[in-house]
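Colleague: Please take a close look at one part of this structure with me. I am new to helix packing, so go gently!

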Number of protein chains: 2
Amino acid sequence: MGTTVIKIGGSIADDVRALAAEIAGGLAGASGRNERFVVVHGGAAKTTEIAEKLGKPQKFVESPGGFRSRFTDKESMEIFVMVTCGLVNKRLVEQMLQAGVNALGMSGADCGIVRAKRKDMLRVVENGKEKILRGDYSGKVEAVNALLLHKLLDAGVVPVIAPVALSNENELVSMDGDRGAASVAGAMKAERLIIFTDVDGFFRNFPNDLVREIRGAKELDAAMEVAKGGMKKKLLAAREALDAGVGEIVIANARVERPLANALNGEKRTVVRK
Amino acid sequence: MGTTVIKIGGSIADDVRALAAEIAGGLAGASGRNERFVVVHGGAAKTTEIAEKLGKPQKFVESPGGFRSRFTDKESMEIFVMVTCGLVNKRLVEQMLQAGVNALGMSGADCGIVRAKRKDMLRVVENGKEKILRGDYSGKVEAVNALLLHKLLDAGVVPVIAPVALSNENELVSMDGDRGAASVAGAMKAERLIIFTDVDGFFRNFPNDLVREIRGAKELDAAMEVAKGGMKKKLLAAREALDAGVGEIVIANARVERPLANALNGEKRTVVRK
């Protein structure tokens, strides 16, 4: 009874009908196995779009480690919650239900399923100088209540989780969707984590040299040195999932005819294994 | 093992800390009984506020029966989902979790728990004339999956349900929170439905003559003749709950020191019984 955790990037969330149909097939035992699915999603770009419409342009910062992230002040957090837990989550749920998947939309904060340490102080690099920003509401995932997720799966539902977690002070905080999905996969002892995005996988020299397979932490670290932006974070998430015992992490293109089949056995993907 | 369904109006959702603490007490068996709670909430006013900020002022219409409602076109529906399922739902969940209630925020659409007939064509009265508006995404609740709600309660969670349902064509539609809560209470064979709002209850001549008790459908219908606006809809919801077999419906003020205790035994409430 293998569990597959699926991350759906915000950029592909508007149309997941093909994927939803494949998940419905997997749940119905089309593969001859009793598969279980948990979905984690993003919504960063949509948040930025709505925030701008609301007259609250978002600020992005770069960490000393080279990762780009949103500076999530109180007002931005409200918008992030509204867009990811409301609009993006329910539109995903609607598509899943239309395909026959018994989707239950929620966030990581509900029932405190995903616990995170609020960063509050963010170390950032601006114009080459390090500085500290305060009042941030983003969090780093520390614990996942896998037992409750398994109970929900036992009840026949497919959790669809928005990227909001509960801090140790019981506040809503944002979480990175890729790394959140990795934590969920690790805690659930998932067989597999699939990170769906809008490119084929990790390219050594984008758009050339797609890397089909990465073996072990050493190769993975070498790939992270080369990767940029969102892909760098996906590889970091893969590293965290690998460390947590997930057997296989796939970064795959969702914009293909059969996204799940491609992620499992196709060409437009990067597989990371121990 | 009695079930109490609680409706929290959007106007009082910003601060439900006192109520959340009482629910936590009830769950812990403070009353000596094993109580179960399901929460349904609103969010109409907040939706109107955010819609205006987004440059999409909301249109309100009156039905031939004298009920005022939102004309929910496609874009308004997106905003309604965003605000009620995102912002309002998660802020309620956050307050519940802070009080120790294991809240699971969701909407009626998730898992198709609340099924509604989409109205699509809305009969409205404008300038004394009846006309038809098309393209509406509001729904009238037709069925509630009480079994799944009981399973969630069995798993130890408290469902907190946003006023969005799933249409028979598997689309997201808005639902009236009061009447949605009545449907949930009826389907779950709840002992009690409490509709929390920002006034004491039904007044024969607001703010004079608070009616403390209404007995039976006949008295209830007479009250509906007199009531206006939101209170008229609350009494309609009470009528629907009564017809569905709910033993006691309470309309109560949430802005008191102990809202739950007041709703059960206090002075600032209207109780409807068979």
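Modeller: Happily! In chain B, helices α5(B) and α7(B) cross in a right-handed way (the near helix is turned clockwise from the far one by less than a right angle; anticlockwise would be left-handed). This is a predicted model, in which local features need pLDDT of at least 70, side-chain atom pairs need 80 or more, and totals for chains, interfaces and linings use all residues. Residues count from 1 along each chain, chains are lettered from A and ligands numbered from 1 as written, and side-chain values use heavy atoms, without hydrogens or water.

Helix α5 of chain B covers residues 177–187 and α7 covers residues 229–243; their axes lie 8 Å apart, at an angle of about 10° (from 0 to 180 degrees, between N-to-C directions of lines fitted to C-alpha atoms over the stretch in contact). That makes the pair roughly parallel (under 35 degrees; over 145 is roughly antiparallel). From α5(B), B:D178, B:R179 and B:A182 touch B:K233, B:K234, B:L236, B:A237, B:E240 and B:A241 of α7(B) (heavy atoms within 4.5 Å). This contact has 4 nonpolar, 5 charged and no polar residues.

Now the other neighbour: α6(B), residues 216–226, packs with α7(B) at about 165°, their axes 9 Å apart. These two are therefore roughly antiparallel, and their crossing is left-handed. Here B:G216, B:A217, B:L220, B:D221, B:A223 and B:M224 of α6(B) meet B:K232, B:L235, B:L236, B:A238, B:R239 and B:L242 of α7(B). By class, this contact holds 8 nonpolar, 1 polar and 3 charged residues.

Terms used
Helices (H or I, at least four residues) and strands (E, at least two) are DSSP runs, numbered from the N terminus. Angles under 35 degrees count as roughly parallel, over 145 as roughly antiparallel, 65 to 115 as roughly perpendicular and the rest as oblique. Ala, Val, Leu, Ile, Met, Phe, Trp, Tyr, Cys and Pro count as nonpolar, Asp, Glu, Lys and Arg as charged, and the others, Gly among them, as polar.
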